[in-house]
Amino acid sequence: MDFAPYQDTAPDSTRALSPPPRRSTSRSPNPKSPPTRPTTDPFLSSSLPAPSHFSDEPRGDSRGFGNADLEGGRSHINLFETSLPLRLDYEAMLAYLLLPPAGGVFLLLVEHKSDYVRFHAWQSSLVFTGMFIVHLIFSWSSVLSWILFVFDLGLIAFLTIHAYQDANNLDRIELPFFGGLASSFVDAE
């Protein structure tokens, strides 16, 4: 069948025609006779295969209803697994303790399994890159530099403690602006 907008032949000559109308003497159905229905149930004589035909598992598996892997192989994922041979909480702490922001960048390069660690690595990289720029701007004053240095140490301690403690339930401590940005980067990966 040709669906081109301009055709040489009329499309009526190639399309399937409707069946001719029934020739009946009366125009309306007989109200005294009930409509005819098929005598066989179409659901009983179905030619569809059984649902077990479509399963990838061998026949005779006795796992029962509800125990099948509905996620397509995702049931074996461990949320606390990391790429490095370290515990999740230690890796999240290292994002802040390994010379920020370099520790965060290092973990972004080597950690691929844990979104929790990657979030802390992103947050560490973003926050302490910003703090580095602030240090450069205020490097003309030694007093402000020392105040910023003490603030940096306090922020590192605060974020390290929360990264360690919140690893049990995978909660994230998000700093304003940088935490939301880090979350969006991890969610986009």
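Here is a short walk through this structure, from its confidence scores to a surface patch and then to one helix.

Let's start with how far the model can be trusted. This is a predicted model, and its pLDDT averages 76 over the protein. A score of at least 70 is reached by 61% of the residues. Take care at residues 60–71, where the pLDDT is below 50. Apart from near neighbours in sequence, that stretch has five contacts in the model.

Now turn to the surface. Find Phe132, Ile133, Leu136, Ile137, Phe138, Trp140, Val143, Leu144 and Ile147: together they form a nonpolar patch with about 940 Å² of accessible area. Which helices supply at least two residues each to this patch? They are α3, which covers residues 115–137, and α4, which covers residues 142–165. The largest share belongs to α3, with four residues.

Pick out Leu136 as an example; this residue sits in helix α3. Is Leu136 buried or exposed? Its relative accessible area is 53%, so Leu136 counts as exposed, the cut-off for that being over 50%.

Finally, move along to helix α5, residues 178–188, and look for what is hidden. The buried residues here are Gly179, Ala182, Ser183 and Val186. Viewed down the axis of α5, these buried residues fall within an arc of 100°, so they line one face of the helix. A general point about helices helps here: an α-helix has 3.6 residues a turn, so residues three or four places apart point the same way. And what lies over the buried residues of α5? The cover includes α3, the helix that also gives the nonpolar patch its largest share.

Terms used:
Residues numbered from 1 in each chain as written. Predicted model: local features only at pLDDT ≥ 70, side-chain atom pairs only at ≥ 80, totals over all residues. Heavy atoms only, no water. pLDDT = per-residue confidence, 0-100. Contact = heavy atoms within 4.5 Å. Patch = residues over 30% accessible without salt bridge, like charges linked within 9 Å, V, L, I, M, F, W, Y side chains within 5 Å. Areas by Shrake-Rupley, 256 points an atom, 1.4 Å probe, with all protein chains shown as cover. Salt bridge = Lys/Arg side-chain N within 4 Å of Asp/Glu carboxyl O. Buried < 20%, exposed > 50% of the residue type's maximum accessible area, 1.4 Å probe, protein only. Arc of directions from axis to C-beta.
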